[in-house]
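Biologist: Please take a close look at one part of this model, the surface near the DNA strand, and then set it in the context of the chains that form it.

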There are 2 protein chains.
Amino acid sequence: MKSTSQPRDRGIPEATVARLPLYLRALHGMAERGVATVSSEDLAVAAGVNSAKLRKDLSHLGSYGTRGVGYDVEYLVYQISRELGLTQDWAVAIVGVGNLGRALANYGGFVSRGFRVAALIDADPEVVGDTIAGLNVEHIDELEAVVKRRGVSIVVLATPAEAAQAVCDRVIAVGVTSILNFAPVVLSVPDTVDVRKVDLSIELQILAFHEQRKAGGPLMAVDSQ
Amino acid sequence: MKSTSQPRDRGIPEATVARLPLYLRALHGMAERGVATVSSEDLAVAAGVNSAKLRKDLSHLGSYGTRGVGYDVEYLVYQISRELGLTQDWAVAIVGVGNLGRALANYGGFVSRGFRVAALIDADPEVVGDTIAGLNVEHIDELEAVVKRRGVSIVVLATPAEAAQAVCDRVIAVGVTSILNFAPVVLSVPDTVDVRKVDLSIELQILAFHEQRKAGGPLMAVDSQ
DNA sequence: GCTACTTTGTGCATCGGTTCACAAAGGGAT
DNA sequence: ATCCCTTTGTGAACCGATGCACAAAGTAGC
């Protein structure tokens, strides 16, 4: 250990971070099936990645494997969970309780590990007061109060596109710095704030692009992919 | 035919393809507001990217700009749409009509341009026969027949995790090669098939990772990001 | 203890993507 | 027609991520 007494380097590549949840899911599955240790090769297959990549990813967290043996499943679950911050409890607010918001509120995997839907918020008086997934839907006027009171640190935007930026600005104003945006708009935020975007229509368009090629677009060329 | 007689190079970088829908959306907004031409700088801002990147992206489609002026909005909309394959009509089937499937079926932006939800399919007899978003929910036994009959070329998987692989195998067997997967599993498919994955829980975990750092994880270090 | 075998962790070459910076190309004014 | 201004398109440097291939480090058997 040449440079520091810290096992983990604090600079984990973004691409690695994006894959850790994948490994974690595969590991959970293995733990449930009673698997005690796993090789990088097996775990890589389960997560759908190359084993060298997996090893390099894990090496960014520290040296948690044993040469000649593999990784201890439980231990690795713990280390990845801790690295991702899943050992603490995150309060999530969902703003916009339309079809999508409702689906998210009811989505099991959402609440599963580390995350807890702490508030549902909407502007429509028709919806406010309803109970969805065991939670009372609160009015958008209460947004700031609810976020503060419940200690919300992650906000999920499932509003119509027009409303997203305004809601975004308001939650940032009360200190939220992590936003998961389902509205099809480019949010403008200070760079202290993290926004992740999920856009169904974009995913479809990307599929259509590749499908068109396969089906033989103009000037159809046999391609190797 | 090495380079010049074809306007478009057939090898568009994946990263570029992923951004084209973003440009397209920004352009549609501009067209609606009556904007006739736009500079790479303005369009880049609207799409939330760097202007050099935008120009390089567009240059992969061909030389559709005018130096000193910018891009013709209508024309660019057409070119990008065509490149993405949105000038044709894609029949989409949604398998799994739970909360999420329902949300997707009702999601407006989904159907908007080029895509049409052509079938809803579920295994639950309770749901089969219901009308959702104007469509009759059909039984999973009809899967192959429905896909063929309606000319479905893109399948959206919104089933529980356990069912996803089986449904996936079946639709691939009848010739589907584009799948949008919302189930939290790694699908195994032949490499002639394109799978795109949307995983809500992974997105949250990535946010939690960054949030933890900002909030000061163990050994909190001031970082420059 | 020594040898044979397994599997990790990583140095290194490579690749795709981003960004800078500028020459080339057009428009408009005079 | 010429000059100046704007904006595109792209060569080239840079940066992060990927994947190969192997030494290091461990286990197991004798």
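Modeller:
**The surface near DNA strand C**

Of the 27 residues around DNA strand C, those that come nearest are A:G65, A:G68, B:P13, B:R67 and B:G68; a residue is near a strand if its C-beta atom, placed from the backbone, lies within 6 Å of it. The model is predicted, and local features need pLDDT of at least 70, side-chain atom pairs count only at pLDDT 80 or more, while totals for chains, interfaces and linings use all residues. Residues are numbered from 1 along each chain as its sequence is written, and chains are lettered from A and ligands numbered from 1 in the order in which they are written.

Two or more residues of this surface are given by each of α2 (40-47), α3 (51-59) and β3 (70-72) of chain A, and likewise by α1 and α3 (51-59) of chain B. Helices (H or I, at least four residues) and strands (E, at least two) are DSSP runs, numbered from the N terminus. The largest share, 5 residues, comes from α3(A). By class, the surface near DNA strand C has 9 nonpolar, 10 polar and 8 charged residues. Here Ala, Val, Leu, Ile, Met, Phe, Trp, Tyr, Cys and Pro count as nonpolar, Asp, Glu, Lys and Arg as charged, and the others, Gly among them, as polar.

The two protein chains also touch each other: 52 residues of chain B are in contact with 51 residues of chain A, contact meaning that the C-beta atoms, placed from the backbone, lie within 7 Å. On the side of chain B that touches chain A, at least two residues each come from α1 (14-32), α5 (99-106), α6 (108-111), β9 (178-181), β10 (194-197) and α9 (200-215) of chain B. The largest share of that side is the 14 residues from α9(B). Its composition by class is 28 nonpolar, 16 polar and 8 charged residues.

As for the arrangement of the copies, a turn of 180° and a shift of 0.0 Å along the axis lay chain B on chain A with an RMSD of 0.0 Å. The two copies are thus related as by a two-fold rotation axis. The same surface serves both, since 98% of the contact residues of chain B recur in chain A. The superposition is by least squares on the C-alpha atoms of residues with pLDDT of at least 70 in both copies.
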